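Biologist: I am new to this structure and would like a close look at a single part. Please pick one loop residue, go through its surroundings, and then place it among the other features of the model.

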Amino acid sequence: MQKVYIEAYTSILSFGLAYDGLSTMEKLYGKSIIIADREMVEEKVDDILIEASESDVAFLVVGDPFGATTHTDLVIRAKKLIVEVKVIHNASVMNAIGACGLQLYRYGETVSIPFFTETWRPYSFYEKIQRNREIGLHTLCLLDIRVKEPSIESLCRGKKCYEPPKFMTINVAIEQLLEVTEAHGASAYDENSRCVGLARLGCEDQIIVSGSMKDLLHFDFGPPLHCLVIVGELHPIEEEMMEFYKVK
């Protein structure tokens with residue numbers, strides 16, 4: 001293996017990108033690891049593919065390789081260039097979410113909740129949640145992460161200056177979800193709708209808590225990464241599992 005990249009755009013490792021964490025991985029692989037941030041993934045991926053056409057290149061991702069459209073696009077580009085691709089599958093939030101006790105085949109479409117700004121407040125995810133709720137399915141909400149994002153002010157000046165990393169909490173996600181449903185007349189869910197909040201899923205200190213949106217709104221879930229499930233109709237076994245995780 002000539003080069004090893006680790007993608008730090010669609011998700012991050014549980015230890016972030018701290019030097020000690022990366023150095024541990026480098027010792028394990030016996031190779032230096034290059035961090036592929038958003039700019040590299042979106043603007044310089046062709047350079048990686050050119051390297052891969054001439055030598056073996058590894059592109060590490062957090063979760064399953066096909067859990068993000070970004071990675072599917074990378075495979076498509078590689079195949080068009082006749083670059084051989086070997087995929088090694090991995091655990092992902094898409095299957096690890098089963099730890100909360102809700103059965104995987106009872107989930108509907110997954111949604112992403114972006115950070116709202118003063119000028120950008122997209123509500124498009126609401127319709128997907130509503131469709132899931134109408135047929136009794138659970139909704140996994142993936143919460144926004146912003147790593148090495150240029151500030152609007154710096155872009156206006158023509159010189160990139162990056163904002164500090166920012167990770168959406170379950171609390172912020174619920175605030176935004178309640179804002180959206182209020183704007184729609186609270187037809188899909190409201191503050192009394194049952195949810196499950198999960199933090200640091202798969203880690204030794206993971207937290208899983210079930211309760212209403214109102215119950216979870218001020219619960220301290222600790223450090224990132226967080227995700228949220230809006231619960232649909234429950235099977236009796238799922239109901240029992242919800243009781244185990246019920247907010248105190």
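Modeller: What follows begins at one arginine and moves outward from there.

Two points on reading the model come before that. This is a predicted model, in which local features need pLDDT of at least 70 and side-chain atom pairs count only at pLDDT 80 or more, while totals for chains, interfaces and linings use all residues. Residues are numbered from 1 along each chain as its sequence is written, and side-chain values use heavy atoms, with hydrogens and water left out.

The part is R200. It sits in the loop between β8 (194-199) and β9 (207-212). Helices (H or I, at least four residues) and strands (E, at least two) are DSSP runs, numbered from the N terminus. R200 counts as buried because its relative accessibility is 10%. The cut-offs are under 20% relative accessible area for buried, over 50% for exposed, and partly exposed in between (1.4 Å probe, protein chains only).

What does R200 touch, leaving aside its neighbours within four places in sequence? Its contacts (heavy atoms within 4.5 Å) are D205, Q206, I207, F221, G222, P223, P224, L225 and H226.

The backbone also deserves a look. Most residues other than glycine have a negative phi, and most peptide bonds are trans. R200 has a positive phi, near 55°. Among its contacts are P224 and L225. The peptide bond from P224 to L225 is cis, with omega near 0°. L225 lies in the loop between α9 (213-216) and β10 (226-230). I82 is another residue with a positive phi, about 60°, although it is not a glycine. I82 belongs to the loop between α4 and α5 (93-96). R200 is buried at 10%, whereas I82 is exposed, with a relative accessible area of 74%.

Now the charge on R200. Side chains of opposite charge can pair when their charged atoms come close. A salt bridge here is a side-chain nitrogen of Lys or Arg within 4 Å of a carboxyl oxygen of Asp or Glu. R200 makes one with D205, at 3.0 Å from N to O. D205 counts as partly exposed, at 44% relative accessibility. Elsewhere, salt bridges that share partners join D46, D73 and R77 into one network.

Within that network, R77 and D46 meet at 3.1 Å, N to O. This pair links distant parts of the chain: R77 is in helix α4, D46 in helix α3, and they are 31 residues apart. R77 is partly exposed at 30%. D46 is partly exposed too, at 41%.

The whole structure has 9 salt bridges. One further pair is E51 with K3, whose closest N and O atoms are 2.9 Å apart. E51 lies in helix α3 (residues 45-54) and K3 in strand β1 (residues 3-7), so the pair ties together parts that are 48 residues apart in sequence. E51 is partly exposed, with a relative accessible area of 21%. K3 is partly exposed as well, with 33%.

Next, the domains. Bounds from an automatic or database domain assignment give domain 1 (3-80) and domain 2 (93-244). Their C-alpha centres lie 26 Å apart. How many residues of domain 1 are in contact with domain 2? The count is 10 residues of domain 1 against 9 residues of domain 2. The count of salt bridges between the two domains is 0.

The size of an interface is often given as the accessible area lost when the parts come together. Buried area is the accessible area (1.4 Å probe) that two parts lose on being put together, summed over both. Between these domains it is about 770 Å², with carbon and sulfur atoms giving 53%. I12, R38 and E39 supply 52% of the area that domain 1 buries against domain 2, more than any other three residues.

A last loop for comparison holds P114. It lies between β4 (111-113) and α6 (125-134). P114 is buried, with a relative accessible area of 15%. Beyond neighbours within four places in sequence, P114 is in contact with W120, P122, F125, D144, M168 and Q176. P114 and F125 are 11 residues apart along the chain, and their C-alpha atoms are separated by 9.5 Å.
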